[in-house]
Amino acid sequence: MAQLKSEVIGHKRLFDQWTQLLQRKQLTGSFLFVGPSGVGKKKSAWAFIQQVLCEKPIQFQACGECGPCRRVQLYQHESVLFIEPDGALIKVEQAQNILQFLQLRSLTSHRFVLIDEAQKMNASTANSLLKTLEEPSENTTLILLAPSLTSVLPTIRSRLRVFHFQPVPLEDMKQSHHFPDWVLEASLGRFDLLEVLNSPSEKQFRMSWADHFVKFLISPDVLTDDSWRDAIKNKEDLKQGLDLWLKMIRDSLFLQQGENKSLLTRDLSEQLQKIAALSSEELQFVGQSLVNLQKEMSFNKDPLLSLESLYISLKA
Ligand SMILES: [Zn+2]
C-alpha cells in the first residue's frame with residue numbers, strides 16, 4: 001500500500017494549495033480540475049482525497065497505511081462517490097445518484113463526489129446539480145474534471161473553484177520515464193500521448209505516413225500512385241496523419257534554420273531530411289494547405305480532391 005501522491009508526477013503547486021485548504025478547514029465547496037488529458041488530474045484528485053480522509057496523517061499528508069488510505073487506494077471508500085460518463089454522457093440518473101449519496105448521513109468527517117469528464121454533462125444533468133454545486137452541504141467536496149474551461153457548461157463553471165493543471169514539465173517526465181528525449185518532447189507533457197507514441201502500431205503508423213508524405217511532396221507521379229489514396233480513405237487515420245504531416249513541416253522548417261533540438265518527429269529524420277529540401281515558401285504553403293484541409297474535413301469535403309489540387313499547385 002502506498003501514498004497515492006507519491007505516484008503523481010508534477011503538480012506540486014496544486015498539492016500545496018490543497019494542503020493549505022485542508023489546514024484551514026476550507027474544503028467544503030465545488031472544485032473544477034482543468035487541464036489536458038493524460039496529465040494526471042484524476043490521479044491527483046484521488047491523492048488529494050486520500051490526504052483528506054487519512055486517519056493518521058503526517059503533517060497533513062496521507063500515511064498510506066491506515067484503513068481509509070487503503071480503501072481510497074483501491075478506489076473503494078464509502079465516503080467517495082466516483083461518477084464517469086455512462087456511454088457518451090453523464091446522465092440525469094447519475095445526477096440523481098449524486099443527490100441521493102449526499103442525502104445520506106456522512107459516515108466520515110468529510111466526503112467527496114468525483115466527476116470525471118464533467119464536460120459530458122448535458123444541460124438537464126447540470127441543471128439538477130446546480131444547487132448542490134453552488135452550495136454543497138457542510139464537509140462535502142465535489143470535484144469535477146474537464147479538459148478545458150470552455151468545455152464545461154457556463155452555468156456550472158461559474159459555480160466552481162478552478163484549479164489549472166499544466167502539462168507535466170519535461171524534466172519531471174524524464175525522471176519518471178526513460179524514453180528518448182524526442183518521445184518525451186513529442187508527448188507534450190501528457191502521459192496518454194507518451195503511451196501512444198511508444199506503441200509499436202503507432203511507430204508503424206508514423207513511419208508509413210511519413211513515407212506517404214515524402215512521396216507526395218517529392219515524387220513526380222503521385223497522381224498515378226495508389227498507396228497514399230488508400231491510406232487517406234480512413235478518416236480517423238487521415239486526421240492523425242495530417243497532424244503528423246504538420247509536425248513534420250514544422251520540424252523541416254526548424255531543420256532549415258539549423259535548429260534540431262526541439263523536433264517532435266525526430267524518429268522520422270530520414271524523411272525530414274528529404275522534406276527539408278523543399279524551399280521554406282513551399283513548406284509554408286503546404287502547411288497552410290494542410291491546415292485548411294483539416295478545417296474542410298469537418299464539412300465533409302472530399303480530402304482527396306483537396307490533396308490532388310495541393311499537389312498540382314506544388315508542381316505548377
Ligand atoms: Zn492514512
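# Structural briefing: zinc site, strands and salt bridges

The chain contains 15 helices and five strands. The model is predicted. Of the chain's 316 residues, 45% count as buried, and the C-alpha trace spans about 75 × 40 × 30 Å along its principal axes. The points below address the zinc site, the strands, helix H1 and the salt bridges.

**Zinc site**

- Four cysteine sulfur atoms coordinate the zinc ion at 2.3 Å: Cys54 (SG), Cys63 (SG), Cys66 (SG) and Cys69 (SG).
- The donor residues follow the spacing C-x8-C-x2-C-x2-C in the sequence.
- The site is tetrahedral, with angles of 103 to 118 degrees among the four donor atoms of the zinc ion. For four tetrahedral donors the ideal angle is 109.5 degrees.
- Two of the donor residues can be described by their accessibility: Cys69 is buried at a relative accessible area of 1%, and Cys63 is buried at 19%. The value for Cys63 qualifies as buried because the cut-off is under 20% relative accessible area.

**Strand E1 and its partners**

- Strand E1 covers residues 29-34, and six of its six residues are buried.
- Burial applies to both faces of E1: Gly29, Phe31 and Phe33 lie on one side, and Ser30, Leu32 and Val34 lie on the other. In a regular strand, side chains alternate between the two faces of the sheet.
- E1 runs parallel to strand E4 (residues 140-146), and six bridges join the two. Within this pairing, Phe33 stands opposite Leu145 of E4.
- E1 also pairs in the parallel sense with strand E5 (residues 161-164), over four bridges. Here the bridge partner of Phe33 is Phe163 in E5.
- Phe33 thus has a bridge partner in each of two strands, with Leu145 in E4 and Phe163 in E5.

**Strands E2 and E3**

- Strand E3 (residues 111-115) is mostly covered, with five of its five residues buried.
- The buried residues of E3 point in two directions: Arg111, Val113 and Ile115 one way, and Phe112 and Leu114 the other way.
- Strand E2 (residues 80-83) pairs with E3 in the parallel sense, through four bridges. One bridge partner in E3 is Val113, which is matched with Leu81.

**Helix H1**

- Helix H1 (residues 12-23) consists of 12 residues and reaches 16 Å from its first C-alpha to its last, close to the 16 Å expected at 1.5 Å a residue.
- Its buried residues are Leu14, Phe15, Trp18, Thr19, Leu21 and Leu22. Viewed down the axis of H1, these buried residues fall within an arc of 155 degrees, so they line one face of the helix.

**Salt bridges**

- The structure holds 17 salt bridges. Side chains of opposite charge can pair when their charged atoms come close.
- Asp267 forms a salt bridge with Arg206, the closest N and O atoms being 2.8 Å apart. This pair links distant parts of the chain, 61 residues apart: Asp267 belongs to the loop between helix H12 (235-256) and helix H13 (269-275), whereas Arg206 belongs to helix H10 (residues 200-218).
- The two partners have opposite settings in part: Arg206 is buried, with a relative accessible area of 4%, while Asp267 is partly exposed at 24%.
- Arg190 and Asp192 meet through their side chains in a salt bridge of 3.2 Å, N to O. Arg190 is partly exposed at a relative accessible area of 22%, and Asp192 is partly exposed at 27%.
- A salt bridge of 3.5 Å, N to O, joins the side chains of Asp86 and Lys91. Asp86 is partly exposed, with a relative accessible area of 41%, and Lys91 counts as partly exposed at 31%.
- Glu171, Lys174 and Asp181 are linked in a network of salt bridges.

Conventions:
Residues numbered from 1 in each chain as written. Predicted model: local features only at pLDDT ≥ 70, side-chain atom pairs only at ≥ 80, totals over all residues. Heavy atoms only, no water. Salt bridge = Lys/Arg side-chain N within 4 Å of Asp/Glu carboxyl O. Buried < 20%, exposed > 50% of the residue type's maximum accessible area, 1.4 Å probe, protein only. Pairing = 2+ DSSP bridges. Donors = N, O, S within 2.8 Å, 3.2 Å for Na, K, Ca; no water. Tetrahedral: all angles 85-135°; square planar, octahedral: opposite > 155°, others 65-115°. Expected span 1.5 Å × (residues − 1). Arc of directions from axis to C-beta.
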